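Hi everyone, thanks for coming. Let me put the structure up, and then we can walk through a few places in it together.

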Amino acid sequence: MPIAKRYLVATFQLGKYTVSHLNLQAVDQRDFFSMMDEEIKAKPKISDVFNRKTVFLTGGNGFLGKVLLEKLLRCCPGIFKIIVLLNNAYEMEVFEKKRKRLLESSVFDRLKQESPSMFCKLHFVAGDVTVCNLGLKNEDLVRIHEDVSFVFHCAASVRFEDKPRTTMVINVVGVDCVAKLCLNIRNLQALVHVSTAYSFCHHPIISEDVCLEKLPICVMQDFKNMDDDRIEWICNSYRKNRPSNYQYSKALAETLIVKEYSNKLPIIIVRPGIITAAVKEPFPGWIDNYNGPSGFIAMSVKGVLKTLLVKEGVYADWIPVDVVANTLIAAAYFLLTQKSSLCFDSSNVPVVNCVCPETKRINWHEVVRICLPLLDKYPSATPFLTPGGVVTTSETIHEICKYVLHFFPAAAYDVYRLICRVQSPGMIGTYRRIHGAILHLQLYTTRRFYFTSKNLDAMNENMHPDDKEEFLIDQEKIDWNQYLEDYVHGVRLFYLKESDDNLNLARQKLARRRLIFSCLKMIPVGVLLIYILKKFHKSQVAANMLARLSSINALYIGKFVNKLRSAC
């Protein structure tokens, strides 16, 4: 066995083994790594840390919150209780409606089969993240102060088009209210705050540090009392080069945490990239909203989105929702048991950039290449147009395609709707809203971002071997081809609510529709050609071409009829 000799120029701690600096040591490599494995295995598993503990969760009705809630219930069976905040559900009717909608979500289908008894550990409370003590009843407040050990703050306004007041009050004031509540929790072990990997997207490299914003803390805490014009002025003046108020609000929230609570609370910040469909849990491809790439895929399946602007060399910084949920749970675990393995500055608040590793990133053109045939494999039963379209790097071509492929068909449909008195939303107005949303999302398809993720790597390296499978945070194991197929299928199945039972029928409809659209495309060409031939009908060449065209036309019509019959 080879002997590893090296100068160690720093003192570091590996569990209980301390190595001193400037000592020339001879270390048997096999023994050294064996000691490392034994040390990791000797540490408690993630599920053990949550045994007999109570968790408080905000944003449980959201996409990420649902997956996090399901994961805790299914993979931490020893958990004592999970208190879920239902925002603005003070009226009993609203409270029961939100509670029922959450529990009936398909995210819990697996849990209902495997461990239905775990639902008795759920306790729902009505409140509001933007008011003092979250607007909780006294008995609920006392229970949280006395019993809670872990807090996951997932509640947020994530729509880029939201008004500045809505975004700032929920994403900044809400964080302040949650942190103040945590100050009175007796046995708090970890507060996990969900931010975004793009909070400092105007920096050339997004590191795992909090770059403090200049806005005073007192101003951040007073957003709720300001008028709309003042909030909008602050956002426009201090947002810098961020594309929307969403990223700026997350940066302010991080600044507030570091300046006001870093030395008062055990806090860790997790910054996920673009959250997408589940890779594994609760089901491959599970999705329940249209935010981000899910909207792109849903509109493409429906044949609504026909043009996309994508720049060369831009990567899809996607992170599956179940990987994010696992990272949140692992972050709480590491903050409690292995904080020394994480990197953080004098602020004492570790930051985890939950992003895809550089070696595993996939560019947008590759995403499109993989997804296009999948749109035909998993078509919608009720599409607007046929799936597919134009993916371009040219802004000019993209703008032209918006009119030719979006507005012209939309105008034709609206005219048909008015003539036939069809009761359905106007497509021109729908496309205007779609283009507004796409304008915000183009930031991620036209610009490349660079991240560092040392803390995520450290967490993955130091996890218990069993936890690496149970709480997957390593995206190196993801097969993008399989993931994207599950994603497209999941959008159809879970979001569009179209069963696989009608999949073959949908494929037949799509084949007929493609055939009809292909023929319709030939009409303008045929009309132009016939006009030219009639214009010069006296020439022998034109006469021969016209005769030849008639025979080809007859043959083509015959094939078309046969294909139409076979498609039916």
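Let's begin with R513, which sits in helix α20, residues 503-535. Helices here are DSSP runs of H or I with at least four residues, strands are runs of E with at least two, and both are numbered from the N terminus. R513 is partly exposed, with a relative accessible area of 28%. On that scale, buried means under 20% relative accessible area, exposed means over 50%, and partly exposed is in between, using a 1.4 Å probe and protein chains only. Which residue comes to 7.0 Å from R513, C-alpha to C-alpha, while being 127 residues apart in sequence? That residue is T386.

A quick word on where this comes from: it is a predicted model, in which local features need pLDDT of at least 70 and side-chain atom pairs count only at pLDDT 80 or more, while totals for chains, interfaces and linings use all residues. Residues are numbered from 1 along each chain as its sequence is written, and side-chain values use heavy atoms, with hydrogens and water left out.

There is another pair of this kind at S341, in the loop between α12 (321-337) and β15. The C-alpha atoms of S341 and N455 are separated by 8.0 Å, although the two residues are 114 apart along the chain. S341 has a relative accessible area of 22%, so it is partly exposed.

Now please find helix α13. Why do we say that its length agrees with expectation? Its 14 residues, 364-377, should span 20 Å at 1.5 Å a residue, and the end C-alpha atoms are indeed 20 Å apart. The expected span is 1.5 Å times one less than the number of residues. At the start of α13, a side-chain oxygen of N363 comes to within 3.1 Å of the backbone nitrogen of H365. Further along, α13 has a kink of about 30° at C371, shortly before the proline P373. The bend at a residue is the angle between two fitted axes, one for the seven residues ending there and one for the seven starting there. C371 is also one of the buried residues of α13, and W364, V367, V368, I370, L374 and L375 are the others.

The partner to look at next is α19, residues 480-495, which has a kink of about 30° too, centred on H489. Is α19 largely enclosed or largely open? It is largely enclosed by the rest of the structure, because 12 of its 16 residues are buried. Among them are W480, Y483, Y487, H489 and F494, along with charged-type names you will recognise such as E485, D486 and R492. D479 caps the N-terminal end of α19, with a side-chain oxygen 3.2 Å from the backbone nitrogen of N481. Just after α19, K497 takes a positive phi of about 60°.

How do these two helices meet? α13 and α19 pack at an angle of about 45°, and their axes are 10 Å apart. That makes α13 oblique to α19. Axes are lines fitted to C-alpha atoms, for helices over the stretch in contact, and angles run from 0 to 180 degrees between N-to-C directions. Under 35 degrees counts as roughly parallel, over 145 as roughly antiparallel, 65 to 115 as roughly perpendicular, and the rest as oblique. The crossing of α13 and α19 is right-handed, meaning that the near helix is turned clockwise from the far one by less than a right angle.

Let's finish with the loops. Between β7 (122-127) and α6 (138-147) we find T130, which counts as buried at 10% relative accessibility. Its side chain makes a polar contact of 2.9 Å with the side chain of D128. A polar contact is a pair of N or O atoms within 3.5 Å; within protein, one must be able to donate a hydrogen and the other to accept it, and residues adjacent in sequence count only if both atoms are side-chain atoms.

The loop between β7 and α6 also holds N133 and L134. N133 has a positive phi of about 55° although it is not a glycine, and L134 likewise has a positive phi of about 55° without being a glycine. N133 is partly exposed at 28% relative accessibility, whereas L134 is buried at 0%.

Thanks, and I'm happy to go back to any of these spots.
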